[in-house]
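Let's take a walk through this fold together, one piece at a time. Please have the structure open and ready to turn as you read.

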Amino acid sequence: MIQYFIGAAVTCTVFIPLAFFIIRRAVDKTRELEKRAMHSERLAFVGTLAGGLAHEIKNPLSTFSINLQLLMEEMQSRKGENGNKAYTRIQALQREVHRLEEILNDFLRYAKGQKLELENCNINEVVDDVVDFITPEIKQKKILILKSYDLHLPYCRIDVNLIKQAILNIVINAEQAMEQGGELMIRTSCNNKFIQIDITDTGSGIPKDSLEKIFQVYYSTKKTGTGLGLPTAKRIIEEHKGMVSVLSEEDKGSNFSIKLPIDLKIY
Ligand SMILES: Nc1ncnc2c1ncn2[C@@H]1O[C@H](COP(=O)(O)OP(=O)(O)OP(=O)(O)O)[C@@H](O)[C@H]1O
Ligand SMILES: [Mg+2]
């Protein structure tokens with residue numbers, strides 16, 4: 001009988017509260033998961049809406065652009081001070097329309113969840129295509145390009161166009177950080193797990209307290225920057241199961257490292 005009471009007391013004082021505690025935690029966890037799922041569904045929904053909105057804005061904007069172009073051509077044929085003033089104003093409008101178009105294109109590029117089109121390729125060739133593309137502009141700014149490619153890189157499965165876009169975004173930033181000229185070093189290397197691409201500049205560098213912000217959407221310190229270049233690059237690289245990191249020192253320069261896994265399996 002005493003044993004029965006002891007058993008009942010232990011059950012009441014230990015096991016029942018413990019059971020309550022465990023159930024409570026399970027309920028809390030389920031609620032938390034539900035909340036997170038709703039939040040990410042909502043985010044995806046907002047992303048889709050914003051993407052749709054951006055597309056809708058793009059069409060009338062291109063009509064604006066075409067008509068402004070026609071107006072400019074008309075104005076150009078008119079002589080006189082009034083014609084010149086109007087021409088200059090229309091030119092300013094045209095510039096702003098182009099800027100808006102660029103912002104929308106950047107946004108759409110970032111917002112679009114893209115399906116990767118993987119192919120086997122040599123990263124050196126991909127990097128070199130980007131360097132060739134940007135070379136004329138870079139040379140004008142008195143920036144010296146130094147290339148150091150590991151000639152024994154294994155082939156890598158990537159979406160070539162997207163990876164080019166990611167590298168280009170980082171290279172353009174490097175170029176913009178060296179307005180007074182400098183050196184741009186592009187290096188490739190590998191170990192048995194990943195291929196590494198280093199993009200190093202001798203530009204303005206990034207202040208310590210800004211380093212954690214540079215990959216945030218819309219963070220920009222530039223007059224006409226949209227702040228989508230690095231978030232887009234990061235997203236593309238992470239979609240390839242890779243990573244991007246940065247080391248920087250103010251007034252000395254920055255180094256961005258992209259690591260792409262060699263054995264890339266994306267399901
Ligand atoms: N190599 C670099 N040197 C110095 N600052 C850099 C460098 N790369 C990035 N940054 C800083 O990070 C910020 C964010 O870069 P990000 O490419 O995302 O946007 P952005 O260049 O300002 O605009 P855009 O969307 O046109 O690329 C930049 O505004 C700049 O302050
Ligand atoms: Mg940029």
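The paragraphs below begin with the sheet, move to the helices that pack on it, and end with the contact between those helices.

Keep in mind that this is a predicted model. A good place to start is the open sheet, where five strands line up in the order E2-E4-E5-E7-E6 with mixed pairing. Strand E2 (143–148) and strand E6 (243–249) are its edges, each pairing on one side only. On average, and ignoring direction, neighbouring strands here are turned by 15° against each other.

Now look at the E6 edge. E6 pairs with strand E7 (residues 253–261) in the antiparallel sense, over seven bridges. To find your bearings, pick out Ser245, whose bridge partner in E7 is Ser257.

Next come the helices. H3 packs on the sheet and touches E2, strand E4 (182–190), strand E5 (194–201) and E7. The direction of H3 makes about 170° with that of E2. H4 packs on the sheet too, touching E2, E4, E5, E6 and E7, and its direction makes about 25° with that of E5.

How do the two helices meet? Helix H3 (residues 123–140) and helix H4 (residues 160–176) pack at an angle of about 35°, and their axes lie 9 Å apart. Their crossing is right-handed. From H3, the residues in this contact include Val126, Val130, Phe133 and Ile134; from H4, they include Ile163, Ile167, Leu168 and Val171. Taken as a whole, the contact of H3 with H4 has twelve nonpolar residues, four charged ones and no polar ones. Asp129 and Glu137 of H3 take part in the contact, as do Lys164 and Glu175 of H4.

Key. Residues are numbered from 1 along each chain as its sequence is written. Chains are lettered from A and ligands numbered from 1 in the order in which they are written. This is a predicted model: local features need pLDDT of at least 70, side-chain atom pairs count only at pLDDT 80 or more; totals for chains, interfaces and linings use all residues. Side-chain values use heavy atoms; hydrogens and water are left out. Axes are lines fitted to C-alpha atoms, for helices over the stretch in contact, and angles run from 0 to 180 degrees between N-to-C directions. Helices (H or I, at least four residues) and strands (E, at least two) are DSSP runs, numbered from the N terminus. A crossing is left-handed if the near helix is turned anticlockwise from the far one by less than a right angle, and right-handed if clockwise. Contact means heavy atoms within 4.5 Å. Ala, Val, Leu, Ile, Met, Phe, Trp, Tyr, Cys and Pro count as nonpolar, Asp, Glu, Lys and Arg as charged, and the others, Gly among them, as polar. Two strands pair if DSSP finds at least two bridges between them.
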